[in-house]
Amino acid sequence: MKENQVMDMTQGPALKQMTMFALPVLAGMLCQRIYNFADTYIVGRYLGDEALAAVSIAGIATYMLFSVMMGVTTGVSVVISQFYGANEEQKIRSTFAAGIYVAAGMTLLITAGGLLTVTPLLRLLQTSEELFPAAREYLLVIYAGCAATMLYNFNAAVLRAVGNSVAPLLFLIISSILNIVLDIALVAWIPMGAAGAALATVLAQLISGVCCLVYALKILPFLRIRRQEWKPDWHLIGRLLRYGLPTGLQMSIISISDMTLQAVINTYGTAMIVAYGVCVKVEGMGFQLADSIGTSLGTFAGQNVGAGDFRRVRQGVRCAYLMNVICYGVFCPLVYLSARSIMEAFTQTPEAVGLGTEYMRVFTLFFLAGGILTIYHNILRASGDIMVTVLMGVSEVVTRIGCAVLFSRLFGYRGLWFVSPLTWVCAALVGAVRYYSGAWERNCAEVSPDR
């Protein structure tokens with residue numbers, strides 16, 4: 001079963017395997033950031049600061065519902081990686097089928113929920129009247145097209161679970177190029193406004209999702225579902241939901257705290273919204289390093305949990321520590337020194353440039369804590385310790401909301417710069433206590449396939 005297109009991570013040099021797996025994941029995530037940067041740059045260039053601020057607000061608003069989507073695909077990835085490590089071909093195929101049912105159901109719920117809550121969500125974020133129409137039309141298009149987002153993320157998660165991180169990258173490169181072309185066409189040439197930028201993103205994701213599905217079915221025969229295997233396996237569906245829903249909940253509650261911070265930011269005016277919007281994208285790009293390392297660790301740990309090799313799982317965590325130190329040792333000084341130039345690439349408003357430069361130079365000092373936090377999320381999730389990751393999410397919510405309200409009153413807007421960094425540190429401490437307690441190994445006995 002273990003063919004050239006996949007990677008068996010249950011044996012061989014751990015650091016080399018994790019690095020080789022993480023590099024394509026990182027490149028793919030950076031391509032997704034290119035989507036976002038293309039939207040930001042083209043909207044700011046052709047539509048102005050108000051439209052740019054509206055798209056920034058809409059980006060924060062989409063994350064909460066899409067967190068459920070990411071949770072579902074993470075659950076599918078974890079379970080398939082465990083069955084792959086245990087060499088259970090039939091179980092992989094059954095999980096793939098069960099995952100399709102779960103993904104389809106969640107997509108319908110997310111689409112309906114998103115379309116019905118656009119207006120109240122933007123009101124909750126204290127979106128100003130001049131920004132409201134553009135933010136609303138952007139969100140409506142994104143929510144209407146969320147099936148395209150699910151299609152790609154689901155199939156990419158399946159491929160990564162069996163050790164293939166290269167194919168999702170190749171399809172993302174293609175769709176990133178298409179996204180930029182479509183952005184220019186639908187914003188600059190055909191004046192569709194913010195809705196054009198959203199439509200470009202949806203179409204690009206649809207293309208990458210279809211390509212990813214066709215590729216997976218063509219080169220991985222053990223994913224081809226026979227007619228009788230389409231009958232829902234409620235045990236597997238329940239298992240996927242046990243992984244996916246708490247993960248989605250954890251991400252969703254974190255997004256609630258993000259929206260709270262965004263709501264406070266919105267009270268400071270358009271320049272502040274623009275500055276924060278650009279900084280969030282840079283911050284997101286920085287987290288691609290942590291997320292790629294975490295995704296690599298999640299697959300590595302999942303396969304080795306399936307194989308019952310917990311010593312190798314601990315070795316993977318140590319490798320992830322080292323990879324984070326190396327990556328942020330380069331990234332953080334680079335962003336700190338070029339913060340003003342980065343801001344000037346997106347806006348020429350002096351106030352926005354100054355505010356964004358300040359914030360970038362603060363959060364780069366704390367990025368390593370965010371990377372360590374991602375390690376704990378992935379190792380605990382892969383070992384079945386899901387509820388602890390929810391607790392970590394709750395700690396992020398409490399810290400971010402409390403600090404956003406308190407620090408803004410005590411220190412003004414500069415206090416907001418320290419909200420996210422402090423949140424990363426507190427949540428990482430919760431994860432560290434749980435990991436070093438050794439409780440995750442006891443959970444492994446419960447989640448290892450058929451053990």
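Is Y101 buried, exposed or partly exposed, and what is its relative accessible area? Y101 comes out as partly exposed, at 37%. The views below are all taken from a predicted model.

**View 1. Y101 meets W230 edge-to-face.** This is one of the 18 aromatic pairs in the structure. The ring centres of Y101 and W230 sit 6.4 Å apart with their planes at 85°, so the pair counts as edge-to-face. Y101 belongs to helix 3 (residues 89–124), while W230 is in the loop between helix 7 (194–219) and helix 8 (234–266), so the pair ties together parts that are 129 residues apart in sequence. W230, like its partner, is partly exposed, with a relative accessibility of 37%.

**View 2. A cluster of rings joined by ring pairs.** Here the tyrosines are Y276, Y328, Y359 and Y413. The phenylalanines are F287, F331, F363 and F367, and W417 and W424 bring in the tryptophans.

**View 3. Two arginines over aromatic faces.** R123 lies over the face of F132, at 4.0 Å from the ring centre. In the other example, R361 lies over the face of Y336, and here the distance to the ring centre is 5.6 Å.

**View 4. S408 and its surroundings in helix 14.** The helix runs over residues 386–411, and S408 is buried in the model, at 16% relative accessibility. A polar atom of the S408 side chain lies 3.0 Å from the backbone oxygen of V405. Look past the neighbours within four places in sequence and you'll find S408 in contact with V264, Y268, C403 and L416.

Definitions and conventions: Residues are numbered from 1 along each chain as its sequence is written. This is a predicted model: local features need pLDDT of at least 70, side-chain atom pairs count only at pLDDT 80 or more; totals for chains, interfaces and linings use all residues. Side-chain values use heavy atoms; hydrogens and water are left out. Rings of Phe, Tyr and Trp (its six-membered ring) pair if their centres lie within 6.5 Å; planes under 30 degrees apart count as stacked, over 60 as edge-to-face and the rest as tilted. Helices (H or I, at least four residues) and strands (E, at least two) are DSSP runs, numbered from the N terminus. Buried means under 20% relative accessible area, exposed over 50%, partly exposed in between (1.4 Å probe, protein chains only). A charge sits over a ring if NZ of Lys or CZ of Arg is within 6 Å of the ring centre and within 35 degrees of the ring normal. A polar contact is a pair of N or O atoms within 3.5 Å; within protein, one must be able to donate a hydrogen and the other to accept it, and residues adjacent in sequence count only if both atoms are side-chain atoms. Contact means heavy atoms within 4.5 Å.
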